[in-house]
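Grab a pencil and work through these exercises with the model open beside you. Each one sets a task and then walks through a solution.

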Amino acid sequence: MLKKFIAVSLVSATVILPATGAFASEGITDRVVSSGPDVQITTQPGSDVVTIMSTTWQVDASSNFRKTPSPTGEYIGSHYAGDLVNGNETRVVNGVTWVNVYSYKFQQWGWIQASYLVEYG
């Protein structure tokens with residue numbers, strides 16, 4: 001049973017939908033292939049170019065890294081000026097904008113107030 005599950009999973013994971021040729025829609029300039037809280041992948045018809053849209057942020061002042069977008073959310077740790085994080089999902093809570101980011105320092109996802117972040121690069 002496990003071997004069948006693994007085989008079906010591998011086949012399912014390797015299915016690719018063509019974005020060019022007879023399957024491409026006219027007039028479409030980009031096609032979203034996959035999207036998540038940190039990355040949006042798009043392709044352009046007639047091209048083998050794949051664009052991955054994610055933002056790298058640099059922390060510009062000491063800030064708290066939290067599990068939820070709230071000043072009372074569970075505290076994970078602190079980031080300091082110069083630390084880099086990645087992500088692009090934002091949420092406004094009580095008038096404060098938070099960014100959901102992956103922290104390499106803590107090896108997990110969490111939230112930082114947008115006022116402590118500057119787009120990097």
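**Exercise 1. Describe the hairpin of β7 and β8, and find the turn residue with a positive phi.**

Step 1. Start with the turn: two residues sit between β7 and β8 in this hairpin, and Asn 94 in the turn has a positive phi of about 50°. Strands here are DSSP runs of E with at least two residues, helices are runs of H or I with at least four, and both are numbered from the N terminus.

Step 2. A quick word on what you're looking at: this is a predicted model, where local features need pLDDT of at least 70, side-chain atom pairs count only at pLDDT 80 or more, and totals for chains, interfaces and linings use all residues. Residues are numbered from 1 along each chain as its sequence is written, and side-chain values use heavy atoms, with hydrogens and water left out.

Step 3. Now the pairing: β7 and β8 run antiparallel and are joined by seven bridges (strands pair if DSSP finds at least two bridges between them).

Step 4. Back to the turn. Most residues other than glycine have a negative phi. Asn 94 is not a glycine, yet its phi is positive. At 78% relative accessibility, Asn 94 counts as exposed (exposed is over 50% relative accessible area, buried under 20%, partly exposed in between, with a 1.4 Å probe and protein chains only).

**Exercise 2. Do the same for the hairpin of β8 and β9: how many residues lie between the strands, and which residue takes a positive phi?**

Step 1. Four residues lie between the strands, and Gln 107 has the positive phi, near 55°.

Step 2. Gln 107 isn't a glycine either. Its place is the loop between β8 and β9, and at 55% relative accessibility Gln 107 counts as exposed.

Step 3. β8 and β9 (residues 108–113) also run antiparallel, with six bridges joining them.

**Exercise 3. Trace the bridge partners from Asn 86 across β8 and on into β9.**

Step 1. Asn 86 belongs to strand β7, residues 84–93. Its bridge partner in β8 is Tyr 102.

Step 2. Tyr 102 in turn has Trp 109 as its bridge partner in β9. Asn 100 is paired with Trp 111 of β9.

Step 3. Look at the contacts of Asn 86 beyond its neighbours within four places in sequence: among them are Tyr 102, Tyr 104 and Trp 109 (contact means heavy atoms within 4.5 Å).

Step 4. The side chain of Asn 86 also makes a polar contact of 3.3 Å with that of Thr 56. A polar contact is a pair of N or O atoms within 3.5 Å; within protein, one must be able to donate a hydrogen and the other to accept it, and residues adjacent in sequence count only if both atoms are side-chain atoms.

**Exercise 4. Is β8 largely enclosed or not, and why?**

Step 1. Count the buried residues: six of the eight in β8 are buried, so the strand is largely enclosed by the rest of the structure.

Step 2. Take Val 99 as an example. Leaving aside neighbours within four places in sequence, its contacts include Trp 57, Trp 111, Ile 112 and Leu 117.

**Exercise 5. Which residues make up the largest nonpolar core, and where does Leu 117 fit in?**

Step 1. List the nine members: Trp 57, Val 59, Phe 65, Ile 76, Val 85, Val 99, Val 101, Ile 112 and Leu 117. A nonpolar core is a set of buried Ala, Val, Leu, Ile, Met, Phe, Trp, Tyr and Cys residues joined through side-chain atoms within 4.5 Å.

Step 2. Sort them by element: β4 (56–59) and β8 (96–103) are the ones giving two or more residues to this core.

Step 3. Place Leu 117 in strand β10, residues 117–119. Leu 117 counts as buried because its relative accessibility is 8%.

Step 4. Check the distance to Val 59: Leu 117 is 58 residues away in sequence, but 4.7 Å away C-alpha to C-alpha.

**Exercise 6. How confident is the predictor across the protein?**

Step 1. The average pLDDT (the predictor's confidence in each residue, from 0 to 100) is 74, and 56% of the residues score at least 70.

Step 2. Flag residues 2–39, where the pLDDT is below 50; this stretch has 47 contacts in the model beyond near neighbours in sequence.
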